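Trainee: I would like a close look at a single part of this protein. Please take me through it in one go.

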Amino acid sequence: SNIKCNNVLVTLGDNGSVFIQKDKYQYFPSLKVKAVDTTGAGDTYAAGFLYGFLKGYDMETTGRIASYLAGEIIAQIGAQFPENRIEVIKSTIEDIANGK
C-alpha cells in the first residue's frame with residue numbers, strides 16, 4: 001500500500017532533530033548539556049514536540065521546546081523531573097513560546 005505521512009520527526013541524538021511537515025523542513029540542534037542519563041530523552045522530546053505542535057506553535061518554537069525538555073531530562077538521573085524544577089521548566093517553556 002502507498003502510505004502518505006504529512007509529518008515526520010526524526011531525532012538524531014546529540015546531533016539534534018529534523019521535522020518535516022508537508023513541504024517544510026526544519027533542523028533543530030541539540031542543546032549542549034552534560035548528559036548524565038539518557039533514560040526518557042526520546043519520550044520527553046516527543047512530549048515537548050506534541051505539546052508545541054498541538055498548541056499551534058510554529059515549527060521553530062515547537063522544536064525549541066522539545067529540545068529544551070530533552071536537554072533537561074538528560075542532565076539528571078531518571079526520567080521524571082524533580083518537583084523543585086517544575087516551575088522553572090514551565091516558565092522556560094513559556095519564555096520559549098513567547099520568543100525569548
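Trainee: In the hairpin of strand 1 and strand 2, which residue takes a positive phi?

Mentor: That residue is G13, with a positive phi near 60°. Bear in mind that the model is predicted. The hairpin leaves 5 residues between its strands.

Take the strands themselves. Strand 1 covers residues 7-11, and strand 2 covers residues 17-21. They run antiparallel and are joined by 5 bridges. One pairing to find is V8, whose bridge partner in strand 2 is I20.

Now the surface. V8 and I20 both belong to a nonpolar patch, together with V10, L12, Y25 and Y27. The accessible area of these residues together is about 510 Å². Strand 1 supplies at least two residues of the patch, and so does strand 3, residues 24-28. As a general point, side chains in a regular strand alternate between the two faces of the sheet.

Patch member L12 sits in the loop between strand 1 and strand 2. L12 has a relative accessible area of 35%, so it ranks as partly exposed. The cut-offs matter here: partly exposed lies between buried, under 20%, and exposed, over 50%.

Next, Y25, another patch member. Y25 lies in strand 3. Y25 counts as exposed because its relative accessibility is 57%. Y25 still has contacts beyond its sequence neighbours. Leaving out residues up to four places away in sequence, Y25 touches V18, F19, I20 and M59. Among these, I20 is also in the patch and is the bridge partner of V8. G42 offers a contrast in position: 17 residues along the chain from Y25, with 20 Å between the two C-alpha atoms.

Now step back to the whole protein. The secondary structure comes to 3 helices and 3 strands. Along the sequence the pattern is β-β-β-α-α-α. The C-alpha trace spans about 45 × 30 × 20 Å along its principal axes. The radius of gyration is 14 Å, which agrees with the value near 13 Å for a compact globule of 100 residues. Of the 100 residues, 32% count as buried. Among contacts with a separation of 6 or more, 49% come from residues 24 or more positions apart. The accessible surface is about 6700 Å², and carbon and sulfur atoms hold 53% of it.

Terms used:
Residues numbered from 1 in each chain as written. Predicted model: local features only at pLDDT ≥ 70, side-chain atom pairs only at ≥ 80, totals over all residues. Heavy atoms only, no water. Pairing = 2+ DSSP bridges. Helix = DSSP H or I, 4+ residues; strand = E, 2+ residues; numbered from the N terminus. Patch = residues over 30% accessible without salt bridge, like charges linked within 9 Å, V, L, I, M, F, W, Y side chains within 5 Å. Areas by Shrake-Rupley, 256 points an atom, 1.4 Å probe, with all protein chains shown as cover. Salt bridge = Lys/Arg side-chain N within 4 Å of Asp/Glu carboxyl O. Buried < 20%, exposed > 50% of the residue type's maximum accessible area, 1.4 Å probe, protein only. Rg over C-alpha atoms; globule rule 2.2 N^0.38 Å. Contact = heavy atoms within 4.5 Å.
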